[in-house]
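Please open the structure in your viewer and keep the selection tool at hand. The tour below goes from one selection to the next and says what is to be found at each stop.

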Amino acid sequence: MDDVITQAQQGSIAAIIQILNEALIERGVRTRAVLADGVLQMLCEAGTDLQLEQATLVPKIREILEGIEPRHIRRVNICSRIAQEQQLMWLEDMAKNPDSHLLWSEEIVLQRPNLWRRLQRGLTPSSLPPSPKPPVALNVPVMRSGLPPMLRNSIGLVILCGVSFAAGLGYQYWRSQPISTTATPPSTPVAAPPSPTPTTILVSPSPTPANDNDPFAAAVRLAEQMSRAGQTAETASQWATLAEQWQVAANLMKAVPPDHPRYPLAQERAVTYERYSQVAQDEATTRQPNN
């Protein structure tokens, strides 16, 4: 089943229809589909119009498709009619006679998953909620994995939480380090020297910010800012800025010297931040006006 879900996520129409038919078998609904001009044209057929009630069938199909997240498919046109086995060229028939046999027709737009859900899907295989009935025999080879899908998803979530937790601990540890200053004895009449002015780190698109004594701490702070910004980014320019800043964080981690106590962790973070930068750049490219 995981192999069929993977094919559906990659845009396989046959795999998408197979998953839909298994999910709608209890309702007695059978689906057909074809991709035309970037729109997934879908036909739902059943023996009675009660089985094809629009108010319940459309939300169910939307839920299934958004759970699959098929690549390059955003718009879906759903039509319904009483089952007519003798008509195979159903799309051409509806185009010539749109009102002759259809019960109803509705076009929906699937919501695009946010960046963090796509990152989680990249680390762990996605899976749909289990069907209450045993799955129907599949027509494609099924790859068996050593771990159940739920366990693999849990492991991926634990890894993501661990990375975030480690970043938070690193930042708190850096903040807790005492600042060495020269204290002036109270009895000395000479005025104490002014306390050093805190250094403000300015994050810019340049690869390495200036005036930063600890690149590891600067990278952690920048990563926290980008994590918060990624939850609200919408436009292509916002995602492009996120990509640049994630690359800045990666470069800061690469700049950590080998004698630094967190040097091994910095090398791992550099690879992770570069992957986040590439994901954000892909998101920015996708959201360009011509896409």
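Angles in this tour are taken between N-to-C directions and run from 0 to 180 degrees, with each axis being a line fitted to C-alpha atoms. Keep in mind throughout that what you are looking at is a predicted model.

Begin by selecting helix α2, residues 13–23, which lies across β1 and β2 and runs at about 155 degrees to β1. Now add helix α1, residues 2–9, and you will see that α1 and α2 pack at an angle of about 125 degrees, with their axes 7 Å apart. Angles between 115 and 145 degrees count as oblique, and α1 and α2 are therefore oblique to each other; their crossing is left-handed. To see where the two helices touch, show the side chains of Val 4, Ile 5, Gln 7 and Ala 8 in α1, which meet Ala 15, Ile 16 and Ile 19 in α2.

Next, select the sheet, which is open and has 4 strands in the order β1-β2-β3-β4, with mixed pairing. Its edge strands are β1 and β4 (104–109), each of which pairs on one side only, and neighbouring strands are turned by 20 degrees against each other on average, direction ignored.

Move on to strand β1, residues 30–36, which is joined to β2 by 7 bridges in an antiparallel arrangement; here Arg 30 stands opposite Glu 45 of β2. The two strands form a hairpin with 2 residues between them, and Asp 37 in that turn has a positive phi of about 55 degrees.

Stay with β2, residues 39–46, and ask whether its residues are buried or exposed. In fact 8 of the 8 residues are buried, so the strand is largely enclosed by the rest of the structure. Colouring its two faces separately shows that both are covered, with Val 39, Gln 41, Leu 43 and Glu 45 on one side and Leu 40, Met 42, Cys 44 and Ala 46 on the other.

Then select β3, residues 75–82, which runs parallel to β2 and is joined to that strand by 8 bridges; Gln 41 stands opposite Asn 77 in β3. Following the chain from β2 to β3 takes you through helix α3, residues 54–68, in a β-α-β crossover that is right-handed.

Finish at β4, which pairs with β3 in the antiparallel sense over 6 bridges, and where Trp 104 is the bridge partner of Ser 80. With α3 still displayed, notice that this helix packs on the sheet, touching β2, β3 and β4, and that its direction makes about 30 degrees with that of β4.

Definitions and conventions. Residues are numbered from 1 along each chain as its sequence is written. This is a predicted model: local features need pLDDT of at least 70, side-chain atom pairs count only at pLDDT 80 or more; totals for chains, interfaces and linings use all residues. Side-chain values use heavy atoms; hydrogens and water are left out. Buried means under 20% relative accessible area, exposed over 50%, partly exposed in between (1.4 Å probe, protein chains only). Two strands pair if DSSP finds at least two bridges between them. A crossover is right-handed if, with the strands pointing away from the viewer, the path from the first strand over the helix to the second runs clockwise. Angles under 35 degrees count as roughly parallel, over 145 as roughly antiparallel, 65 to 115 as roughly perpendicular and the rest as oblique. A crossing is left-handed if the near helix is turned anticlockwise from the far one by less than a right angle, and right-handed if clockwise. Contact means heavy atoms within 4.5 Å.
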